[in-house]
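Dear colleague,

I am handing over the structure below, together with some notes on what came out of going through it. Please read the notes with the model open beside them.

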Amino acid sequence: MSKSFNRYVTCEKCEKSFNANIYVSANSDLENAVERVRSGEFMTFKCPHCGHVSFIPHAFLYNDLNDKFMIQFAVEKEDIYGFIAAKEDLNEKFPNILNNQIYRLITGPYPLFVEKLEILKSNLNDKIIEF
């Protein structure tokens, strides 16, 4: 299930606040999810006041239900701890749910997250290949 919430964001150009829809997770069943990850749409926000577009990376989970992999993108150290705790909690509540699923945690710039998505969508071994 894809999850988002509304939060006020301050434009880095005009410094006015606006309400933005922030996705924290997206499943492959969400319309154009892969393309939206590739383009950075889930991390991009357009100010309604001045039109400036900002790229604001934040913690994010992509879950591919068909190809059975999850990629989590962490920006802050706290994100990493939160993701690990959530994964452990999921395993505890639903044993074996992640058995046949690839799980990766990306802690680098956003292009590394997109690269991991491309590798896994291509059914390649992400442990031995880099684009």
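**Aromatic residues and helix H3**

Phenylalanine 55 has a relative accessibility of 42% and therefore counts as partly exposed, since that category lies between the buried limit of 20% and the exposed limit of 50%. Please keep in mind that this is a predicted model, and that the values given here are computed from it.

A search of the whole structure finds 8 aromatic pairs. In one of them, phenylalanine 55 meets tyrosine 110 edge-to-face, with 5.4 Å from centre to centre and 70 degrees between the planes. This pair links distant parts of the chain, because phenylalanine 55 belongs to strand S4 and tyrosine 110 to helix H3, 55 residues apart. Unlike its partly exposed partner, tyrosine 110 is buried, as its relative accessible area is 8%.

Another edge-to-face pair is formed by phenylalanine 60 and phenylalanine 113, whose ring centres are 6.0 Å apart and whose planes make an angle of 85 degrees. Here too distant parts of the chain are linked, with phenylalanine 60 in strand S5 and phenylalanine 113 in helix H3, 53 residues apart; both of these residues are buried. The four residues just described belong to one aromatic cluster, which consists of Tyr23, Phe42, Phe55, Phe60, Phe73, Tyr110 and Phe113.

Helix H3 itself runs over residues 110-121, and at 1.5 Å a residue its 12 residues should span 16 Å, which agrees with the 17 Å between its end C-alpha atoms. Its buried residues are Tyr110, Phe113, Val114, Glu115, Lys116, Leu117, Ile119 and Leu120, and what covers them includes helix H1 (33-39) together with strands S4 (53-55), S5 (60-64), S6 (69-73) and S7 (102-106). Just after H3, asparagine 123 takes a positive phi of about 55 degrees.

**Pockets**

The largest pocket holds about 420 Å³ of space. It is lined by 16 residues, of which Lys3, Leu61, Met70, Gln72 and Leu90 are the closest to its centre. Two or more lining residues come from each of strand S2 (17-27), S5, S6 and helix H2 (77-93), and H2 gives the most, with 6 residues. By class, the lining of this largest pocket divides into 8 nonpolar, 5 polar and 3 charged residues.

The second largest pocket has a volume of about 190 Å³, and its lining is made up of Phe5, Arg7, Tyr8, Val9, Ile22, Val24, Phe45, Ile56, Pro57, His58 and Ala59. Strands S1 (3-10) and S2 are the elements that give two or more residues to this lining, with the largest share, 4 residues, coming from S1. The lining of the second largest pocket has 9 nonpolar residues, alongside 1 polar and 1 charged.

**Cysteine 47**

Finally, cysteine 47 is found in the loop between strand S3 (44-46) and S4, and it counts as buried because its relative accessibility is 2%. Which residues does cysteine 47 touch, not counting those up to four places away in sequence? They are Cys11, Cys14, Phe18 and His52. Asparagine 6 lies 41 residues from cysteine 47 along the chain, and the C-alpha atoms of the two are separated by 14 Å.

With best wishes

Conventions
Residues are numbered from 1 along each chain as its sequence is written. This is a predicted model: local features need pLDDT of at least 70, side-chain atom pairs count only at pLDDT 80 or more; totals for chains, interfaces and linings use all residues. Side-chain values use heavy atoms; hydrogens and water are left out. The expected span of a helix is 1.5 Å times one less than its number of residues. Buried means under 20% relative accessible area, exposed over 50%, partly exposed in between (1.4 Å probe, protein chains only). Contact means heavy atoms within 4.5 Å. On a 1 Å grid over the protein atoms alone, a cavity is a set of points where a 1.4 Å probe fits but cannot get out, and a pocket is an open set with protein on both sides within 12 Å along at least five of seven lines; lining residues have an atom within 4 Å of a point. Grid points are joined across faces, edges and corners, and a volume is the space filled by probe spheres set on the points. Ala, Val, Leu, Ile, Met, Phe, Trp, Tyr, Cys and Pro count as nonpolar, Asp, Glu, Lys and Arg as charged, and the others, Gly among them, as polar. Rings of Phe, Tyr and Trp (its six-membered ring) pair if their centres lie within 6.5 Å; planes under 30 degrees apart count as stacked, over 60 as edge-to-face and the rest as tilted.
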